[in-house]
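Here are some friendly notes to read alongside the model. Take them one at a time, and keep the picture open as you go.

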Amino acid sequence: MEREAVTAEEIAHSDLVIGLPTCASVETIGHVVDAVRTAVDSSQVSATVVIRSDASGPAPLESHNGLKLLPYPIPAVGGLPGATEGWSDAYRAIFAVSKKTGARATAMLGADLEGFTAERTERLLRPVDDNGADLVVASYAHNKYEGMITSGILYPLTSTLYGKRVRWPYAADFGLSARMIDRLSSPPPPALAASRRDTLIWMVLDAIRGDFDVCQTHFGARVRAVREPTDLSSMLAHVLGPIFLDMEFNAAQWQRVHSSLPVTTFGHPAALVEEPHTVDVRPLIEAFQLGFQNLQPVWSLVLPPATLLDLKKLTLAPPEHFRIKDALWARIIYDFALGHRLRILNRDHLLRALTPLYRAWVASYALEVENADTEQAERRVEQLRLAYESERRYLLSRWRWPDRFSP
Amino acid sequence: MWEQASQALNQSWNRVVRSVAGLLPGIVALIVALLVSFLLAWLLAFLVRQILRSMQFDRRLMESGASGLSDIAPRNSPALLVERAVFWIVILMGLLIGIAAFDTTLTSQLLLRIFSYLPQVAAAVILLIIGNFFAHFLGRSVLIGAVNMNLQYASLLSAGVKWMVLVLAVTMALDHLGIGGGVVNVAFGILFGGIVLALALAVGLGSKDLVSRSLERQSSRRPEEVEEPFQHL
């Protein structure tokens, strides 16, 4: 094996690029190389694996049967040691390599190394290479208590707004075509630049809105590179802020959507062994009651009196009958989106004030699916999505005539 | 003798009449200035009222969190407060201009002192407005943060922060106006020092068992721990 001291600029062409923004060191790359060689028939195509490196100068390459390894100065993402930049900066650095090398398909794997397998790489690349897809989003196998924000807000909201049902819009694993890379590499509108720095959902939203072929692929269980932060209110603010900004910026587009359609899904869902465990929702209900007691003046700036009345009734409900109706939850999210747009109060305050309401929804959902399996829980999420779509008219009315419905 | 007394009285009377006659132009000028300023004040107040109504000033101020202004405003309307402030400021300016027409040393010095004091008044008003805004902003931040941390005393904490910032703003404004001198600073220092000392004693000595139980309750019942089976993203 010859070691070639070349830079990314000197790579003439690469058919495929596999990007690993969370790879920590070159020493552990052997596993990655083996997996990629298994996934990619490197005798037929040339592939480049882009990994994060601290080298600031020209990066040495290992070339093995058409597979090139490129340690590249990708910024460290949040949560990892030495993190200085956001996820978007890391992904954009790899997009730059894809563009320079003229790759026809790029796989981005945001998981930790233990989640990197040949099968996963193939699942991201094959729909792009063989079926002409522009964006392939990973669809994770999950138990009924995973991805609560995704199930309760992101999936139904993005489906309703943009008309395409991508189950995991907040994925970190993607397959992208050259056309998609071009689109995502372009600088964002100045109003949205700051909000896009630390999240990746904007990639899915841009693809859904544009004339791109978006599909999903079953990806197995999610392996997280970065441990989920425990501060729920920060998480909600971090996730929902960019989406609400996107809603405001692209209002003309989503207001023309009338219904949602499923996207093509490749692969077969992985069977996940559901471990039975009892969930105590009383602290969540108490947190909601405390929120209602103290935050009612704040919520009254955003929510109409009818919604506040429903919430008041909910505070009096016994734990076993604690249920938030899907329509009510959808309207709450829409009201907060409108409040975010109108800047009724400081946007960070607004998003964090949603936390007790979100906890109430989690408690309600947990009680409903307590004895359900994963499939039944997934049907429950689909019911919620339908409720979001039914309340779409409410969103449109409030969005177009906010003063008429002003609390 | 009677003639001398009569002459003296006549001279005194003439002096008084001359003095009053000398003041008459000033008085007329004062009256005219007041009338003009009254007219101008009414016009400006009308304009300000129309502008603030079209801006929905009261609603926007309430939503921005500066609700403290509504509490002190007449009929709980900050717009009405601004309108009346504009009205009376213009009347005051007219009065001062009218007083300047007397053209005496006393009035000149008085006017000079009033006008030199006006910038400090303006700065104090700005301090109060900014202080009020920050008090409500910080109060709301603390309230939302404390509720999300499941602190039962979130409202108390929020009110405490809000009033501390307001007291600070008022103290700074009074200091800027030169009212109270060192008394205000000393009182402020005693108040804050007392609060901090009381908290330290409460936590360290008097309420340590209560705080300890509360902290144990918080750590054992935090929803984040119960939410272990939940992964949110």
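**Notes on the two chains**

1. Let's begin with a pair of helices: helix 4 of chain A and helix 15 of chain A are oblique to each other, because their angle is outside the ranges for roughly parallel (under 35 degrees), roughly antiparallel (over 145) and roughly perpendicular (65 to 115). Helix 4 covers residues 148–162 and helix 15 covers residues 374–390; they pack at about 50°, with axes 9 Å apart. Axes here are lines fitted to C-alpha atoms over the stretch in contact, and angles run from 0 to 180 degrees between N-to-C directions. Helices are DSSP runs (H or I, at least four residues) and strands are E runs of at least two, numbered from the N terminus.

2. A word on the source: this is a predicted model, where local features need pLDDT of at least 70 and side-chain atom pairs count only at pLDDT 80 or more, while totals for chains, interfaces and linings use all residues. Residues are numbered from 1 along each chain as its sequence is written, and chains are lettered from A and ligands numbered from 1 in the order in which they are written.

3. Which residues of helix 4 of chain A and helix 15 of chain A make the contact? Helix 4 offers residues including Ser151(A), Gly152(A) and Tyr155(A), and helix 15 offers residues including Val381(A), Leu384(A) and Arg385(A). Contact means C-beta atoms, placed from the backbone, within 7 Å.

4. Now look at where the chains meet: 35 residues of chain A and 22 residues of chain B take part in the contact. On the chain A side, helix 10 (282–299) is one of the helices that supply at least two residues, and helix 10 gives the most, with eight.

5. Chain B has nine helices and zero strands. Of its 233 residues, 18% count as buried (20 or more other C-beta atoms within 10 Å of a residue's own).

6. Finally, find the largest nonpolar core, which has 120 residues. A nonpolar core is a set of buried Ala, Val, Leu, Ile, Met, Phe, Trp, Tyr and Cys residues joined through C-beta atoms within 7 Å. Val137(A) is among the residues with the most contacts inside this core. Leaving aside neighbours within four places in sequence, Val137(A) touches residues including Val166(A), Trp168(A) and Phe174(A). A second, separate core of six residues includes Ala124(B) and Leu174(B).

Note on methods:
Contact = placed C-beta atoms within 7 Å. Buried ≥ 20, exposed ≤ 12 C-beta atoms within 10 Å, placed from the backbone.
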